[in-house]
Amino acid sequence: MKILISSESFPPVVSGVAVFTSGLTDFLCKQGHQVTVFTAGPDFKKTKITHRGKLRVYSFRSLPNPFRKHFRFTLPQKKVIREAFDKEK
């Protein structure tokens with residue numbers, strides 16, 4: 001089964017959400033599922049795609065969150081997200 005998870009953070013970011021999402025993706029991949037994660041990237045450069053076995057992570061362009069140190073948020077990128085979503089269908 002193909003599974004898409006959208007998460008505000010994912011490793012190497014350290015947070016409860018990142019740890020939980022990482023554990024969930026590891027479990028699902030071990031069960032034989034193909035998992036894709038959409039998350040905020042480390043900078044405002046182009047979207048970065050990384051692969052690790054059956055896991056694919058899309059790190060979208062992002063800006064620093066002024067209210068939470070070490071956290072980032074993505075701006076609306078409808079076209080880029082739609083293209084990534086269509087690619088993973």
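Reader: How do the residues lining the second largest pocket divide by type?
Author: Bear in mind that this is a predicted model, where local features need pLDDT (the predictor's confidence in each residue, from 0 to 100) of at least 70 and side-chain atom pairs count only at 80 or more, while totals for chains, interfaces and linings use all residues. Numbering starts from 1 along each chain as its sequence is written, and side-chain values use heavy atoms, leaving out hydrogens and water. Ser6, Glu8, Phe38, Arg72 and Ile81 are among the lining residues. The split is five nonpolar (Ala, Val, Leu, Ile, Met, Phe, Trp, Tyr, Cys, Pro), two charged (Asp, Glu, Lys, Arg) and, from the others, Gly among them, four polar.

Reader: What volume does that second largest pocket have?
Author: A pocket here is an open set of 1 Å grid points over the protein atoms alone where a 1.4 Å probe fits, with protein on both sides within 12 Å along at least five of seven lines; lining residues have an atom within 4 Å of a point. E2 and E6 (72–74) are strands (DSSP runs of E, at least two residues) that each supply at least two lining residues. The volume, the space filled by probe spheres set on the points, is about 170 Å³.

Reader: Which element gives the most to the lining of the largest pocket?
Author: That pocket holds about 390 Å³ of space, and Phe10, Pro11, Pro12, Ala40 and Ser59 are the closest to its centre among the 21 lining residues. Strands E2 (34–40), E3 (48–52) and E4 (55–60) each give two or more residues to this lining. With four residues, the top contributor is E3.

Reader: Which residues do ring pairs link into a cluster?
Author: Phe38 and Tyr58 form an edge-to-face pair (centres within 6.5 Å, planes over 60 degrees apart), at 5.2 Å centre to centre and 70 degrees between the planes. Phe38 also pairs edge-to-face with Phe60, at 5.1 Å and 85 degrees. Phe38 and Phe60 are both buried (under 20% relative accessible area, 1.4 Å probe, protein chains only). The cluster is Phe38, Tyr58 and Phe60.

Reader: How many residues apart in sequence are the parts that the Phe38 and Phe60 pair ties together?
Author: Phe38 lies in E2 and Phe60 in E4, so their pair ties together two separate parts of the chain. The separation is 22 residues.

Reader: Where in the chain is confidence lowest?
Author: Mean pLDDT for the chain is 90, with 100% of residues at 70 or more. Confidence is highest in helix H1 (residues 16–30), at 96. Helices are DSSP runs of H or I, at least four residues. The lowest mean, 84, belongs to helix H2 (residues 78–88).

Notes
Phe/Tyr/Trp six-rings, centres within 6.5 Å; stacked < 30°, edge-to-face > 60°. Buried < 20%, exposed > 50% of the residue type's maximum accessible area, 1.4 Å probe, protein only.
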